[in-house]
Each structure stands twice: as structure tokens, then as C-alpha cells.
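Biologist: Can we go through this one together? I'd like to hear how each label is earned, not just what it is.

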Amino acid sequence: MPAHIAGTLHATPAPVWLPYPDDVNALLPSLWSDNVTKNSDGVLTIAGHPVTELAEQYGTPTLVMDVDDFRSRAETYLSTFSNAFSVEKGLAGADVFYAGKAFLCTAVARWVHDAGLGLDTCSLGEMMIARAAGVPGDRVGLHGNNKSAAELEYALDYGVSRIFVDSLDEVARLESIAAARGTVAPVMLRVTVGVEAHTHDFIATAHEDQKFGLSLADGTAAAAARLVAESEHLRLDGLHSHIGSQIFDISGFQVAAARVLAFRAEIMGEHGIDLPDVDLGGGFGIRYTSQDTPIPVAEMAEELASVVAKECRGLGTSVPRISIEPGRAIVSPAVFTFYEVGTVKQVSTDSGPRTYVAVDGGMSDNIRTALYDADYSCTLANRNSSAEPAIVRVVGKHCESGDIIVRDEYMGADVTVGDLVAVPTTGAYCRSLSNNYNHLPRPGVLAVEADRVEWIVTPEDHTQMFATDPGMAGGGEPN
Ligand SMILES: *Cc1c(COP(=O)(O)O)cnc(C)c1O
């Protein structure tokens, strides 16, 4: 009898949302990238490459990027939004800017550019990657709530097409830099529309207590618009709003779009200018576990297009060109991480036994579980299990009890030392938020296609990790 039916006799600490698996070895295809399957021996394969071989050759832990999946997801976002916002449909077109902070290296920047997307950056380092990858400045945007003078100088040198101005201080800083260079800086104003969305809820308030953007409610956004519109060295191209992350509820985007478009109409009327661009931000939710129900891209695009058309008609304004900035939704599903199991422990909880499976990484390569209470799934990646499914918690090797990668999942109860565990959907905010806690070198990212396997980020070694400690210059030998 399955443990969840056995009730008190064989209670499990499974959360209510987690279904007892029909087949614990089977993949839930919607959690894995296009080219990932399991072979008849239960070995996870990507584009024909078994992870057992990848583990042997490249080591663990490793993040694996399904390159074709990444590229096709990027193309799908662009074609779907371009189609929904087409001129034939009475709109003014759409751009997709990939949010580089989700995960960025030169290979990713190139793929994004090849697929026809723009690239959003928010630091000198991210701009340097984009530039080294050959992405032209006019396909790059610069975000950030506290851009340094050096970052603004670099952005103007690079010729980025949009600088998202986030404060009155920044209006002054950018204006004086542009004036000193005798140039005109392209400005999008980041406005706080009083909508905050998280997953299935959104909250619309008059005021938002957070660090980003210029408030519509208290008039700061209007003041900034006036300063930019009147400056000889700043060109007001449009408005931007980003309401949150991992959003499944379309109504937050609809309210935000309506508020931005109404503000745009005011600004255009007051200053007698046209604002050609409106950026509705990113944050489109994805599937980390079976409980997540993202909005299909086509539905999102159609709904947003209809709000934009309706609001502009009501306001009697021109229709702006729309951009969106997905990060997670493009990169996360294209990547999984595999680890090797080092220890397995049974502990008892009030609701039954739980198995702790400790792997050779943790919160240094995936901090989202600890930081955001995120849920992940996982699977045994090197073999089939014929054991009864058991509730496991996959944890790392760090000195924190919150060092959890997968809080709850079913795995065959015989999971053991030396097994490989793979965690899907780790493309976004895992490698980019990775760290050297406990002096663990950070893992690499392996790009896999049928005929090609190569590092796009090499694994850090101890020499690289210790390069900033002068006392380790001798390689860590006692002196
Ligand atoms: C983080 C961020 C994004 C991307 O968010 P995702 O959840 O990865 O889609 C887009 N725009 C802005 C301004 C952001 O800060």
C-alpha cells in the first residue's frame, strides 16, 4: 500500500501539494528541457549524452545547459510577442530583452543576440560580457537603482539603447555626464506603479515601500519626466515598469500596463512629445514543481496586447512599441544541475520518516531554496530504483541547517552513496547567485548539444578561488 494511503500507519512528512508518484523513476516532462529523457536503465540523458558519462568526464556538481532548448525558448518569446503586437494587428511591434542577471556568460549573450533578442544588463560586469560577446550597444539596456558614474560612462561609450533611470539623483548624474561628453543619453524612466506581484497574487496599492523606481503616486515620476524632457542632454524615449518575479497571475501585468499607459498619456500631453517605448518588465512564472501553473506565452502576449490596444484607444494616444524582459522564463527550464550523493540519513519527524540525501554542492550553487523558500524537484539520474518511493530532502554540504536544495520530493528509498541526483530548472538565479561559502569552488556550466559538449563557464578551481587571498599565493602550502 502506498505510504500516503496508509495514513497513521505509515505517515509521511510529504507536503499536501506533492503527489505520490505512479512511477518514481519517470520524469515529469514539463519540468525538464526538450532534449532530456531517461533511457531504459533509468539514466538521465541530454541530447543523447548520459549524465553518468558527463559526471565521469566533467565531475560533479555541474550545471547542464540544453542549448537547443534555450535557443528555441528565446525564439518563441520573440516570435510570439512580435506576432501579438504586430502592426497588422494595429499595434507597434514588440521587443524581447533577455534579463542577463538570471544567468549571463558570453555564449548566452551570443545566443540571445543570434535569436534576435536584446539584452538587459545592470552592472559594468554584465555590460562587459555583452560587449565581449559582440552584442551591439543598440541591443543592450542598462538597469540598476544605483549606477555608478563609471557604469554610466561605459554605457554611453558602448552606445546602449536604453538607460533605465531610477532616481532623481540619477537624472542629475546622467545629465552631467552626457553634457560633459556633448552627447544625448537615451532614457527610459522606471516608474513604480503601485503593483506588486508574487506568484498567484498581486497587490495594487498607492505606494510601494521598496527601493526601485520613481513613484507615480507621490509625483516623483512626473518630476523626473519633466527634468528629462527639458534636458538637452537626455532624451525621454519611454517608460518602464517591473512588478515582481515568478508571476502566474496576469492581472498584475494588466493593471501595471494600464497605469503606465495613463501616465504616458499625461507626460505626452504636458510636454508635447511622443514616447515611442513602453517596457512592461519581466517576471513571467515558470514550473519548478508539479504545483506551478504558468500562463502560456501566447496567452500572456495576447492578453497584454489587448490591454495595450484598449488603453491607448481609451486614452486617445499613439500606441507604443512594447518590450518585455524575461530572464527566468527563458533560461531556467533549459538547465539542470547534477550532484553526487555523499551521505544518506534517516531521521524521524512528527509525521513520519524523512530521508536526508546530502550532495556535493548546496546553497553555494543554488541559494534559492534558502533565500526564497523556493521549491524544486529532483530525480535519481544514474539508474532505475525498484524500491518503494520515500520522501527525501536533498541537502548540501554547507554549515547551515537551511542548506537545502530540494525540500520535498519522492525518490526510491534505496537512494545511496555514489548515486547521481539531478535537479531541473536551475538555469536562473543559481549560477548567477553562486558563492564560495565554506570555500567551495563554484561549479561550471556545460553546454550540451547532440554533437557538442563544452564548458560555457568553467568550474572554478582552488587556485582561482584563492586568487584574492595574498596568503594563498603559494598554493596553500604552509610557509
Ligand atoms: C529581474 C528583472 C527582470 C527579470 O525577471 P525574471 O523573473 O527573471 O523574468 C526583468 N526586469 C527587471 C527590471 C528585473 O529587475
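Biologist: How do the residues of the shell around the ligand divide into nonpolar, polar and charged?

Modeller: Bear in mind that this is a predicted model. The shell splits into three nonpolar, seven polar and four charged residues. Gly goes with the polar ones by the convention used here.

Biologist: And which residues are the closest to the ligand?

Modeller: Lys101, Gly283, Glu325, Arg328 and Tyr429 are the closest of the 14 residues that surround the ligand.

Biologist: What makes the pair between Tyr429 and the ligand a polar contact?

Modeller: The cut-off is 3.5 Å between N or O atoms. A polar side-chain atom of Tyr429 lies 2.6 Å from an oxygen atom of the ligand, so the pair qualifies. Arg328 gets there with its backbone: an N or O atom of it lies 2.8 Å from a ligand oxygen.

Biologist: Why does His242 count too, at 3.4 Å?

Modeller: Same test: a polar side-chain atom of His242 is 3.4 Å from a nitrogen atom of the ligand, and the limit is 3.5 Å, so His242 passes. As for cover, the protein takes up 92% of the 390 Å² of accessible area that the ligand has on its own. The space taken by the ligand is the largest pocket.

Biologist: Why are β1 and β3 said to stand at the edges?

Modeller: Three strands form an open antiparallel sheet in the order β1-β2-β3. β1 (36-38) and β3 (49-50) each have a single partner strand, so one side of each has no neighbour in the sheet.

Biologist: How do you know that β2 and β3 pair?

Modeller: Pairing takes at least two bridges. β2 (residues 44-46) and β3 have two, in the antiparallel sense, so they pair. Ile46 stands opposite His49 in β3.

Biologist: What is unusual about the backbone at Pro61 and Thr425?

Modeller: Most peptide bonds are trans, and most residues other than glycine have a negative phi. The bond from Thr60 to Pro61 is cis, with omega near -10 degrees; Pro61 is in the loop between α1 (51-58) and β4 (62-66). Thr425 has a positive phi, near 70 degrees, in the loop between β22 (420-424) and β23 (445-449).

Note on methods: Residues are numbered from 1 along each chain as its sequence is written. This is a predicted model: local features need pLDDT of at least 70, side-chain atom pairs count only at pLDDT 80 or more; totals for chains, interfaces and linings use all residues. Side-chain values use heavy atoms; hydrogens and water are left out. A residue is near a molecule or strand if one of its heavy atoms lies within 4 Å of it. A polar contact is a pair of N or O atoms within 3.5 Å; within protein, one must be able to donate a hydrogen and the other to accept it, and residues adjacent in sequence count only if both atoms are side-chain atoms. Accessible areas come from the Shrake-Rupley method with a 1.4 Å probe; for residues, only the protein chains shown count as cover. On a 1 Å grid over the protein atoms alone, a cavity is a set of points where a 1.4 Å probe fits but cannot get out, and a pocket is an open set with protein on both sides within 12 Å along at least five of seven lines; lining residues have an atom within 4 Å of a point. A molecule sits in a cavity or pocket if more than half of its atoms lie within 2 Å of its grid points. Helices (H or I, at least four residues) and strands (E, at least two) are DSSP runs, numbered from the N terminus.
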